[in-house]
Amino acid sequence: TVESFTWREGWKVEEGMELPSPWYRHCSVAVDGTLFVIGGDTGTNRVMSFDVSLYHSSNETVQWVTEANTPVSSVRRNSCVQTTFEGQKGIMVTGGNTIANVLFFVLEARNWRSIASLTETRYYHTLNLINGVPYVAGGYASSNSRTPTIEVFDGISWAKSNNLKVGRRYHTGVSIPVGYLTCKML
């Protein structure tokens, strides 16, 4: 199922948006009224998916459409975000299932590009934009241990940045503008 949230109504299951089969360990991103679901596992037997499936909310007949399979066979437990790369609007997909690959799905051309790999293998990590710059944080490293490392992409390559104090995996992150949220000590 697909669920949506509004402050007025809370969480609700979106009728008519059922996925063709159970789908998990994927990443999702919404771009201009279209929901993209990338990679992961499908079904009940952990069948790896290389699909990019779309749900167009603006179509007269709303349905899931499979488009542009990923060029890498291990895109599961990955992270994704909508961004631009070399002036093209698209979706960046990082890591997943013990790989350090970074892929970029060019929205206009509807094709994949490989871009600079992460400095280390990671999965179950987060990918966020901070001031428009992609950062990955945490996850499992190739040693199957939680990694505290953070990497930043400068448009050409990835470099390690300040580490987290504690290694994390299965987590999420959100970028909040400076001054938008304050902490008060008790």
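A residue is called buried here when its relative accessible area is under 20%, exposed when it is over 50%, and partly exposed in between, with a 1.4 Å probe and protein chains only. This is a predicted model, in which local features need pLDDT of at least 70 and side-chain atom pairs count only at pLDDT 80 or more, while totals for chains, interfaces and linings use all residues. Residues are numbered from 1 along each chain as its sequence is written, and side-chain values use heavy atoms, with hydrogens and water left out.

**Whole chain**

Start with everything selected. Of the 186 residues, 42% count as buried. The chain has 17 strands and 0 helices; strands are DSSP runs of E of at least two residues, helices are runs of H or I of at least four, and both are numbered from the N terminus. About 11,000 Å² is exposed, and 50% of that comes from carbon and sulfur atoms; areas follow the Shrake-Rupley method with a 1.4 Å probe, and for residues only the protein chains shown count as cover.

**The sheet from β10 to β13**

Next, select 79–85 and 111–115. These are β10 and β13, the edge strands of the sheet; each has a single partner strand, so one side of each is left without a neighbour in the sheet. The sheet is open, holds 4 strands in the order β10-β11-β12-β13, and is paired antiparallel. Two strands pair if DSSP finds at least two bridges between them. From one strand to the next the twist averages 30 degrees, taken between N-to-C directions of lines fitted to C-alpha atoms, on a scale from 0 to 180 degrees.

Add 88–94, which is β11; β10 pairs with β11 over 7 bridges. Phe 85 faces Gln 88 of β11.

**Strand β16 and its partners**

Move to 150–153. Which residues of β16 are buried on each side? Ile 150 and Val 152 lie on one side, Glu 151 and Phe 153 on the other, and all are buried.

Now show 133–137, strand β15, which pairs antiparallel with β16 over 3 bridges. Ala 137 stands opposite Ile 150. β17 also pairs antiparallel with β16 over 3 bridges, and Trp 158 in β17 is the bridge partner of Phe 153. Between these two strands the hairpin has 4 residues, and Gly 155 takes a positive phi near 95 degrees.

**After β17**

Finish on Leu 181, in the segment after β17 (158–160). Leu 181 counts as exposed because its relative accessibility is 58%.
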